[in-house]
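Student: I should like to examine one part of this model closely. Could you please explain how two of its helices meet, and what surrounds them?

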Amino acid sequence: MPLQIYNSLTRQKEEFVPLTDGLVRMYVCGPTVYDYPHIGHAKSYISFDIVVRYLRYLGYRVKYVQNITDVGHLLDDGEDRILKGAQREKRDPMELVEIYTRAFFDAMDALNVQRPTISPRATGHIPEQIEMVQTLIDKGHAYVVNGSVYFDISTWPGYGVLSGRRVEDQRAGERVEASDEKRHPADFALWKKAGPEHIMQWNSPWGRGYPGWHIECSAMSMKYLGETLDIHGGGMENQFPHHECEIAQSEAVTGKPFVRYWMHHNMVMVEGVKMSKSLGNFTSVQRALERYSGAQIRFFILQSHYRSPVDFSREAIDASAQGLERLQATRDQLLHFLASDEGDVSAQVEQVCAEYKALFEKEMNDDFNTPAAIGHLFSFAREINSRLSSSLSSASVKLLHDTFIRLADDVLGILPESRTALAADPFIDLLVTVRREIRAQKNWALSDHLRDKLEELGVAIQDGKEKSSWTYKKNMPAL
Ligand SMILES: [Zn+2]
């Protein structure tokens, strides 16, 4: 079965076919950098990291754009989040943005989330946003009132296509900013007039002001990915109004479909309660990392499907951490037996690897079903543990190792230490070769010294007649 993705737009699973053969154009709404990232961000960006990693595993080139919102994300009371953060911390807005952009990437690095191909900032794309707003005015989809510009939803019958909301149902208030200036309560701001007290403002054809939040995603995604994206991702809570507005304004400008597959992840609960600012139960990623490793948090999140909520509780993460330990133990065993790729791969091992690879892919092809894929990984680990013995050929161990790491780490990213270990391999090879030369010169003292030092670092050397080989010792320290 080829890859199937649940498309929020059509509300069904569809076979994934990118617009251009071999290339995936993907956009995910990035963070508003006015505070530390919380566990909700972890769920969001780990979910889409899996999508990117799996698409790359399948052989696609993925151009992955994820923006940084550093202006214009208004709170329900109309206040700009960045400005509010800057006032809270008595900092320059750009200073605030810099601090929390770094904090965001630090947290994502700790969670082994690969960096996007491009991370454009909203403030770096003001001319592009102004140009889009002007086109919308020229095409009759937007109107200017007193230095602000609004999208006129009466000109866009498709408004509501993603969220299923009808314009008639939308009242002023409730997450839709009410304003006397708007012709209809659901019209949304593309550009806002800035008073002198507003620190972040730019020149525009309509006077000094700043962009509305929705327009940045359309301007930046289309700038880097073209007028039609293959995948657009975000949280379910962003379907309305944010993504609805993105569709309306983008398609009104280009006349082309904006996104082929919309993907939305579910929310995070804490001890059975929805995580929200007002309830004060936000847990920052940094706080969580004081107690758990990045791999433990990541593994815990991946044991729920991205379209299901994940419920954070100490007991649940502790239980899941034990499961991760079992997979790590199998990886350690593989490293212990891993020597070189000499000998032939046994037919049985070849079959086992192919079987588990197929089972894993079947689940991942079903809308990235990570909990089911992890289930197969546990069975694979048990199978490996039962087969590993010194009688297994080196080539067989290597195939088991490579297949296991490819699925568990290349795709799921839950055994990041394996990469560190493997990254050291060529250097260990070099040291072992140099030591062989030293032995040829009969400098036994230096050769023994090298062997002992490598031993301390967790590498065991076996000297043969023709050559020396080496293996990682079990429970090797992190290199
Ligand atoms: Zn967005």
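Tutor: Met132, Thr135 and Leu136 in α4 meet Gln249, Ala252 and Val253 in α6; two residues are in contact here if their C-beta atoms, placed from the backbone, lie within 7 Å. The residues of this contact divide into four nonpolar, two polar and no charged. In that division, Ala, Val, Leu, Ile, Met, Phe, Trp, Tyr, Cys and Pro count as nonpolar, Asp, Glu, Lys and Arg as charged, and the others, Gly among them, as polar.

The model is a predicted one, in which local features need pLDDT of at least 70 and side-chain atom pairs count only at pLDDT 80 or more, while totals for chains, interfaces and linings use all residues. Residues are numbered from 1 along each chain as its sequence is written. Helices (H or I, at least four residues) and strands (E, at least two) are DSSP runs, numbered from the N terminus.

Two packed helices are described by the angle between their axes and the distance between the axes. For α4 and helix α6 (residues 239–254), the angle is about 70° and the axes are 9 Å apart. The axes are lines fitted to C-alpha atoms, for helices over the stretch in contact, and angles run from 0 to 180 degrees between N-to-C directions. The helices α4 and α6 are therefore roughly perpendicular to each other, a term that covers angles of 65 to 115 degrees, whereas those under 35 count as roughly parallel, those over 145 as roughly antiparallel and the rest as oblique.

Next, consider the sheet beside α4. Its four strands form an open sheet with antiparallel pairing, in the order β5-β6-β7-β8; two strands pair if DSSP finds at least two bridges between them. Strands β5 (142–145) and β8 (209–211) stand at the edges with a single partner strand each, so one side of each has no neighbour in the sheet. From one strand to the next, the twist averages 20°. Within this sheet, strand β6 (residues 148–151) and strand β7 (residues 188–193) run antiparallel and are joined by three bridges. Tyr150 stands opposite Ala189 in β7. Helix α4 (residues 126–138) packs on the sheet, touching β5, β6, β7 and β8. The direction of α4 makes about 105° with that of β5.

Thus α4 packs on this sheet and also packs with α6.
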